Amino acid sequence: MIKKIDHLGIAVRSLDETVKYYETALGLKCEKREEVESQKVRTAFFSVGETHIELLEPTSEESPIAKFLEKNGEGIHHVAFYTDDIDGQLKQAADSGCRLIHEQPFEGAAGKMVAFLHPKSTHGVLTEF
Ligand code: CO
């Protein structure tokens, strides 16, 4: 079952400049930075209540985030829902006709298991569990 929005993923060109914006303009504190090899990104995390902001900067031209930036510019890249049963959640989405980007969950940032639904089958929002 989905319990909450875990985080919003935001694609940015420069992690340093964007972290500075969140810290100085919004007064939030960057809690953690991490490079995620599997997605070819550097991330920075902020907490906003129970929800997080995940800034994503590409580390390679091949990164899905590099492609997103090229096409859309900076902005919201995905919405991540926290679920207590990722396999069941993926099955429910697949059974209802959603296209899965990942059939099997894989290890994402902070060692959490994650998987994505394709935005073409989610009314435009890249969806992460
Ligand atoms: Co995410």
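This passage describes the cobalt site and the nonpolar cores of a predicted model.

The cobalt ion makes a good starting point. Its protein donors are His 7 and His 78, each through NE2, together with Glu 54 and Glu 128, each through OE. These donors lie 2.1 to 2.3 Å from the metal. Angles subtended by the four donor atoms around the cobalt ion run from 83 to 169°, and the arrangement is therefore irregular. Along the chain, the donor residues follow the spacing H-x46-E-x23-H-x49-E. Glu 54 belongs to strand 4 and His 78 to strand 5 (residues 75–83), so this pair ties together parts that are 24 residues apart in sequence. Both of these residues can also be placed with respect to the surface. Glu 54 has a relative accessibility of 6% and so counts as buried, and His 78, at 3%, likewise counts as buried.

Attention now turns to the nonpolar side chains. The largest nonpolar core has 10 residues: Ile 10, Val 12, Leu 15, Val 19, Tyr 22, Cys 30, Ala 44, Phe 46, Ile 53 and Leu 55. At least two residues of this core come from each of helix 1 (15–24), strand 3 (41–48) and strand 4 (51–58). Helix 1 gives the most, with three residues. Ile 53, one of the core members, touches Leu 8, Ile 10, Tyr 22, Ala 44, Phe 45, Phe 46 and Val 48, when residues up to four places away in sequence are not counted. Another core, of nine residues, lies apart from the largest one and includes Val 41, Ile 65, Phe 68 and Leu 69. In soluble globular proteins, nonpolar side chains tend to be buried together.

Methods
Residues numbered from 1 in each chain as written. Predicted model: local features only at pLDDT ≥ 70, side-chain atom pairs only at ≥ 80, totals over all residues. Heavy atoms only, no water. Core = buried A, V, L, I, M, F, W, Y, C linked by side-chain atoms within 4.5 Å. Buried < 20%, exposed > 50% of the residue type's maximum accessible area, 1.4 Å probe, protein only. Helix = DSSP H or I, 4+ residues; strand = E, 2+ residues; numbered from the N terminus. Contact = heavy atoms within 4.5 Å. Donors = N, O, S within 2.8 Å, 3.2 Å for Na, K, Ca; no water. Tetrahedral: all angles 85-135°; square planar, octahedral: opposite > 155°, others 65-115°.
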